[in-house]
Amino acid sequence: MDQILYRIKEFIFGYEDRIEAFAGGMCAYKLMWLVLAGSLLGCLLEMCWYRRLRGKWMSRKGVIYGPFSPIYGAAMSGFVYLLYPVRRGNLLFLFVLGAAMGSCFEYACGFLQERVLGTKSWDYSKKKFQLHGRICLEFTFYWGIAAVVSIRFLYPVLSRMVEAVSLRRGPVIIGGLFLLFLADCAVSGAACIRQRLRREGRIAVYPVERFLDRHYPDERLAAIFTEIRIVSGKECGRETKLS
């Protein structure tokens with residue numbers, strides 16, 4: 001058992017980036033991989049969370065096609081990139097710094113979603129020590145844990161995975177997956193913006209607007225984004241609830 005624990009400790013805390021490998025050190029390819037992995041892990045984590053809360057499996061995707069929640073991918077890559085210089089620092093320091101960073105990021109995401117899309121995906125108004133329903137003390141604590149886990153535990157594993165890819169295939173694999181991810185984000189964002197315009201009574205004029213209305217109606221978006229609520233007025237599509 002002691003030998004197993006030693007190997008685990010050495011694998012995590014003794015890890016050093018292989019500068020000579022594909023995506024060695026902190027580089028763009030590694031950040032792309034972190035965004036993809038964080039988006040997938042975040043989506044799965046939320047599905048399990050809502051399974052415990054609601055007693056059933058629910059779609060917790062942040063995009064239309066892939067099993068991704070981009071907010072978590074951006075958070076993980078941000079944690080790793082910003083905390084990378086102090087990744088071997090005190091755990092309490094990493095926790096506090098990560099909690100502050102995560103809360104600021106979550107508040108900014110909630111604010112932008114309300115202003116741009118006129119909707120919200122979460123609401124902490126009924127929780128204690130909350131600010132405008134966008135952040136609360138409980139989830140600030142979770143952001144701190146997420147930061148520590150991301151930089152001290154997940155990063156060594158994910159970094160080794162991407163460094164194991166060959167130099168010839170690496171750019172094609174990572175770059176191709178990331179481009180598909182960005183395309184999914186772009187289509188999803190366009191569909192949500194068009195949904196807001198429909199709520200405001202804007203008739204489709206351009207071909208792209210008619211395409212979005214035809215392929216991404218309110219009913220389809222409501223089935224995918226199960227916790228979306230509009231900021232004011234009557235919600236379009238299926239009725240859903242916030243936690």
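Me: Ala, Val, Leu, Ile, Met, Phe, Trp, Tyr, Cys and Pro count as nonpolar, Asp, Glu, Lys and Arg as charged, and the others, Gly among them, as polar. With these classes in hand, how many residues of each class does the lining of the second largest pocket have?

Reply: Please keep in mind that this is a predicted model. In the lining of the second largest pocket, eight residues are nonpolar, none is polar and one is charged. The residues that line this pocket are W33, L36, A37, L40, F68, L177, L180, F181 and D184, and its volume comes to about 170 Å³.

Me: Which elements give two or more residues to that lining?

Reply: Two or more lining residues of the second largest pocket come from each of α2 and α6, the latter covering residues 170-199.

Me: How many cavities of 30 Å³ or more does the structure hold, and which residues line the largest cavity?

Reply: A cavity differs from a pocket in that a 1.4 Å probe fits inside but cannot get out. The structure holds one cavity of 30 Å³ or more, and the largest cavity encloses about 30 Å³ of space. Around the largest cavity stand G110, Q113, E114, K120, S121, W122, G133 and R134, with helix α4 (residues 91-116) giving the largest share of the lining, three residues. By class, the lining of the largest cavity has one nonpolar, four polar and three charged residues.

Me: Turning to helix packing, at what angle do α2 and α3 pack?

Reply: Angles of 65 to 115 degrees count as roughly perpendicular, under 35 as roughly parallel and over 145 as roughly antiparallel, with the rest oblique. Helix α2 (residues 28-54) packs against helix α3 (residues 70-83) at about 130 degrees, and their axes lie 6 Å apart, which means that α2 is oblique to α3. The crossing of α2 past α3 is right-handed. From α2 the contact takes L31, L34, V35, G38, S39, L41, G42 and E46, and from α3 it takes P70, Y72, G73, M76, S77, V80 and Y81; by class these are nine nonpolar, five polar and one charged.

Me: How are α3 and α5 set relative to each other, parallel or perpendicular?

Reply: The axes of α3 and helix α5 (residues 137-163) cross at roughly 80 degrees and come within 9 Å, and the two helices are therefore roughly perpendicular to each other. In this contact A75, M76, F79, V80 and L83 of α3 meet W143, A146, A147, S150, I151, L154, Y155 and L158 of α5. The classes here are 12 nonpolar, one polar and no charged residues.

How values were computed. Residues numbered from 1 in each chain as written. Predicted model: local features only at pLDDT ≥ 70, side-chain atom pairs only at ≥ 80, totals over all residues. Heavy atoms only, no water. Axes fitted to C-alpha atoms, helices over the stretch in contact; angles between N-to-C directions. Helix = DSSP H or I, 4+ residues; strand = E, 2+ residues; numbered from the N terminus. Left-handed = near helix turned anticlockwise from the far one by under 90°. Contact = heavy atoms within 4.5 Å. 1 Å grid on protein atoms, 1.4 Å probe; cavity = no way out; pocket = protein on both sides within 12 Å on 5 of 7 lines; lining within 4 Å. Points joined across faces, edges and corners; volume = space filled by probe spheres on them.
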